[in-house]
Amino acid sequence: QVRLVESGGGLVQAGGSLRLSCAASGIRFSMNAMGWYRQAAGKQRELVAGITSGSGTNYADSVKGRFTISRDNAKNTVYLQMNSLKPEDSATYYCRALENNYWGQGTQVTVSS
């Protein structure tokens, strides 16, 4: 059974930081490219950051220099460190395993101004 479980969301003031985690099971984690996506109310889901099986990374322009994606294959976990948060970063954040297009249930991030 495949599970992707996100955690670490919450309410934070603008300028603050959060670290999201996505624990995976039931997949070949080390072989999977992984991604963090977000969806704000009334908007389409968008890619925030991705990391390949070889730990190459890519970021949306809106988060470059503020967010960092990383992975720990020993723990089957992918992380998203979010710094200098802005109110426009408020959204539900989802983890995705790209090989078979599996998604987690999401974790809510709210940034107050």
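What percentage of the 113 residues in the protein is buried? In this predicted model, buried residues make up 41% of the chain. Let's see how the rest of the picture fits around that number.

Start with the secondary structure: there are 11 strands and 0 helices. Following the sequence from one end to the other, you read β-β-β-β-β-β-β-β-β-β-β. The protein has a radius of gyration of 13 Å, close to the 13 Å that the globule rule gives for 113 residues, so it is as compact as a globular protein of that length. Along the principal axes, the C-alpha atoms fill a box of roughly 40 × 25 × 25 Å.

Next, look at how the chain meets itself. Take the contacts between residues at least 6 apart in sequence: 54% of them join residues at least 24 apart.

Now turn to the interior. In soluble globular proteins, nonpolar side chains tend to be buried together. Here, the largest nonpolar core has 27 residues, and those touching the most other members are Trp-36, Val-78, Leu-80, Met-82 and Tyr-93. Several strands each supply at least two residues of this core: S3 (18–25), S4 (34–39), S5 (46–51), S7 (67–72), S8 (77–82), S9 (91–97) and S11 (107–112).

Finally, step to the outside and to the charges. The accessible surface comes to about 5,800 Å², and carbon and sulfur atoms account for 44% of it. As for charged side chains, the protein carries 12 positive and 7 negative ones. The centres of these two sets lie 3 Å apart.

Note on methods: Residues are numbered from 1 along each chain as its sequence is written. This is a predicted model: local features need pLDDT of at least 70, side-chain atom pairs count only at pLDDT 80 or more; totals for chains, interfaces and linings use all residues. Side-chain values use heavy atoms; hydrogens and water are left out. Helices (H or I, at least four residues) and strands (E, at least two) are DSSP runs, numbered from the N terminus. The radius of gyration is taken over C-alpha atoms; the globule rule is 2.2 Å times the number of residues to the power 0.38. Buried means under 20% relative accessible area, exposed over 50%, partly exposed in between (1.4 Å probe, protein chains only). Contact means heavy atoms within 4.5 Å. Accessible areas come from the Shrake-Rupley method with a 1.4 Å probe; for residues, only the protein chains shown count as cover. Lys and Arg count as positive and Asp and Glu as negative; His and the chain ends are not counted. The place of a charge is taken as NZ of Lys, CZ of Arg, CG of Asp or CD of Glu. A nonpolar core is a set of buried Ala, Val, Leu, Ile, Met, Phe, Trp, Tyr and Cys residues joined through side-chain atoms within 4.5 Å.
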